[in-house]
Amino acid sequence: MEIYTVSFFGHREVEGASNIESRLDWLLHDLITQKQYVEFLIGRDGEFDLLVASAIRRAVKQYGCGNTSLILVLPYMKAEYRNNEQSYLNYYDEVEICAESSKAHYKSAIQVRNRCMVDRSDLVVCCIQHKSGGAYKTIKYALKHDKSVRDLANNFL
C-alpha cells in the first residue's frame, strides 16, 4: 500500500479562519479521494492545529473511504496527555511521542518535532500569516529540504 504523508503547521492564532478552513476542506477532499492511503501528522499547539484536526475528522466522516490515519505527534510526554490518554486515543487514530524531540531541551523540542514531521512528509500544509515564529521557521526548513509545500493563507508561497 502506498502511504502519502501530510503534515500541518500554522501559527497559534489564525486570522480569517473560515477562509482557511474552506481551502483546507478542498485540499482534504482531493487527498482523501485521490490517494490510496493518507497519513495526517498534526500537533496540538494552537488554533490552526485544532482547526485542522476537526476538518480532517469531518472529511473522513463525510468521504468514508477508510484510507486515512490522524496522528497526533507530541514533542514530549505532556501531563495533559498522560492524565487524559483515553480521550486523546478516542479522538486521534494514533498518538506518538517524537523520540528526537523528547530528548531535546524543552525550549527547542517543538521545533525538533516539527522538523521530524517535515522529514516524514510528502506534502507540508501550512497557514503562514506572518514571517516569524515556529511555523514560519518550519516552512523555511521544509522548502530548504525540497518538500512540497501548500500555504492555505496564500501569503508565503
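## Helices H1 and H2

Helices H1 and H2 are oblique to each other, because an angle counts as oblique when it is not under 35 degrees (roughly parallel), over 145 (roughly antiparallel) or 65 to 115 (roughly perpendicular). The axes of H1 (residues 17–34) and H2 (residues 47–63) cross at roughly 45° and come within 10 Å. The contact (heavy atoms within 4.5 Å) involves residues of H1 including Leu24 and Leu28, and residues of H2 including Leu51 and Ala55. By class, this contact of H1 with H2 has 13 nonpolar, one polar and four charged residues.

## Basis of the model

This is a predicted model, in which local features need pLDDT of at least 70, side-chain atom pairs count only at pLDDT 80 or more, and totals for chains, interfaces and linings use all residues. Residues are numbered from 1 along each chain as its sequence is written, and side-chain values use heavy atoms, with hydrogens and water left out.

## Helix H7

The 12 residues of H7 (residues 133–144) should span 16 Å at 1.5 Å a residue, and the end C-alpha atoms are 17 Å apart, which agrees. The expected span is 1.5 Å times one less than the number of residues.

Among the buried residues of H7 (under 20% relative accessible area, 1.4 Å probe, protein chains only) are Tyr136, Ile139 and Tyr141. The buried residues of H7 pack against strand E1 (3–10), helix H6 (109–120), strand E5 (123–127) and strand E6 (148–151). Asp146, just after H7, has a positive phi of about 55°.

## Asn114 in helix H6

Asn114 lies in helix H6. Asn114 counts as buried because its relative accessibility is 6%. Apart from neighbours within four places in sequence, Asn114 is in contact with Phe9, Gly134 and Thr138.

Notes: Helix = DSSP H or I, 4+ residues; strand = E, 2+ residues; numbered from the N terminus. Buried < 20%, exposed > 50% of the residue type's maximum accessible area, 1.4 Å probe, protein only. Axes fitted to C-alpha atoms, helices over the stretch in contact; angles between N-to-C directions. Nonpolar A, V, L, I, M, F, W, Y, C, P; charged D, E, K, R; others polar.
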